[in-house]
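Me: I have a model open and would like to go through parts of it slowly. Could you help me read it?
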Amino acid sequence: MKDPLVHVHPDAIETYEVLEGEMEFYIRDRWIAARAGDQLSVPKGVTHCFRNPTDKLVRVLNTHQPALKMENYFEDVCTVLDTLTDQGRNRFRMNLRTMLYMSVLMNNYRAEIIAKSPPDGAIKALGWVAKLLGIRY
C-alpha cells in the first residue's frame, strides 16, 4: 500500500521477522529499513505501520502477543480486499467506498487495532455511516 495504516495495538506486542525481501517499518516517529533476517518488535500502544518499498515479493513472520482476535482480523482484511477488488480482478483503490468498508472492519476489531492515521475519530464516524448504509463484508 502506498499509504499504510498507521496504528497501535493497545494490548499486544507485535513482532516482525523479514523472511524474504525488504520492508520498511515506521515505529514511533521514524522509518526503519529491514531485509531478510532482520527482526523488530513493537511494544503495546506504540504507533507503527509497515510497507514494501519495492515491487518484489516480501515474506514476513508476524506475531501478536497476546494474539487476541488478530487472526480473524487478517482473514477479514482479505475478505474486504477481495470485495473491494472483485476477487483481485481490479486494482485496490483508496476511495470513499474503500474507506467505508475499512472503517467497518476497524470498528469490529477495536480491542486489537486502533488507527492513528487516519484518526480514530474518523474511523468511528465512517464506520457508523457505513453501517447506516448497510455496508457489510
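The chat below goes through a sheet, two of its residues and a helix.

Me: Before we start, what kind of model is this?
Reply: This is a predicted model, so please read every value below as computed from that prediction.

Me: Okay, in what order do the 3 strands of the open sheet come?
Reply: The order is S5-S2-S7, and the pairing between these strands is antiparallel.

Me: And which ones are the edge strands?
Reply: The edge strands are S5, which covers 39-42, and S7, since each of them pairs on one side only. From one strand to the next, the twist averages 15°.

Me: How many bridges join S2 to S5?
Reply: There are 4 bridges between S5 and strand S2, which is made of residues 13-20, and the two run antiparallel. If you would like a place to look, Thr 15 stands opposite Ser 41 in S5.

Me: What about Ile 13, where is that found?
Reply: Ile 13 is found in strand S2, and its relative accessible area is 33%, which means that this residue counts as partly exposed, because the value lies between the cut-offs of 20% and 50%.

Me: Which residues does Ile 13 touch, if I skip those up to four places away in sequence?
Reply: Ile 13 touches Ser 41, Val 42, Lys 44, Thr 63, His 64 and Gln 65. Val 42 is 29 residues apart from Ile 13 along the chain, yet their C-alpha atoms are separated by 5.7 Å.

Me: His 64 is on that list, so is it buried or exposed?
Reply: His 64, which lies in strand S7 (residues 59-65), is buried, because its relative accessible area of 9% is under the 20% cut-off.

Me: Which side chain does His 64 join through a polar contact?
Reply: The side chain of His 64 is joined to that of Glu 14 by a polar contact of 3.0 Å. Beyond its neighbours within four places in sequence, His 64 is also in contact with other residues, including Met 70 and Phe 74.

Me: Switching to helix H1, which residues are buried there?
Reply: In H1, the buried residues are Met 70, Tyr 73, Asp 76, Val 77, Val 80 and Leu 84. Seen down the helix axis, they fall within an arc of 110°, so they line one face of H1.

Me: And what covers them?
Reply: The cover includes S7 and helix H2, which covers 96-108.

Me: Last one, how far apart are the end C-alpha atoms of H1?
Reply: They are 21 Å apart, and this agrees with the span expected for the 15 residues of H1 (residues 70-84), because at 1.5 Å a residue the helix should also span 21 Å. Just after H1, Asp 86 takes a positive phi of about 55°.

Key
Residues numbered from 1 in each chain as written. Predicted model: local features only at pLDDT ≥ 70, side-chain atom pairs only at ≥ 80, totals over all residues. Heavy atoms only, no water. Buried < 20%, exposed > 50% of the residue type's maximum accessible area, 1.4 Å probe, protein only. Polar contact = N/O pair within 3.5 Å; in protein donor to acceptor, adjacent residues only side chain to side chain. Contact = heavy atoms within 4.5 Å. Expected span 1.5 Å × (residues − 1). Arc of directions from axis to C-beta. Pairing = 2+ DSSP bridges. Axes fitted to C-alpha atoms, helices over the stretch in contact; angles between N-to-C directions.
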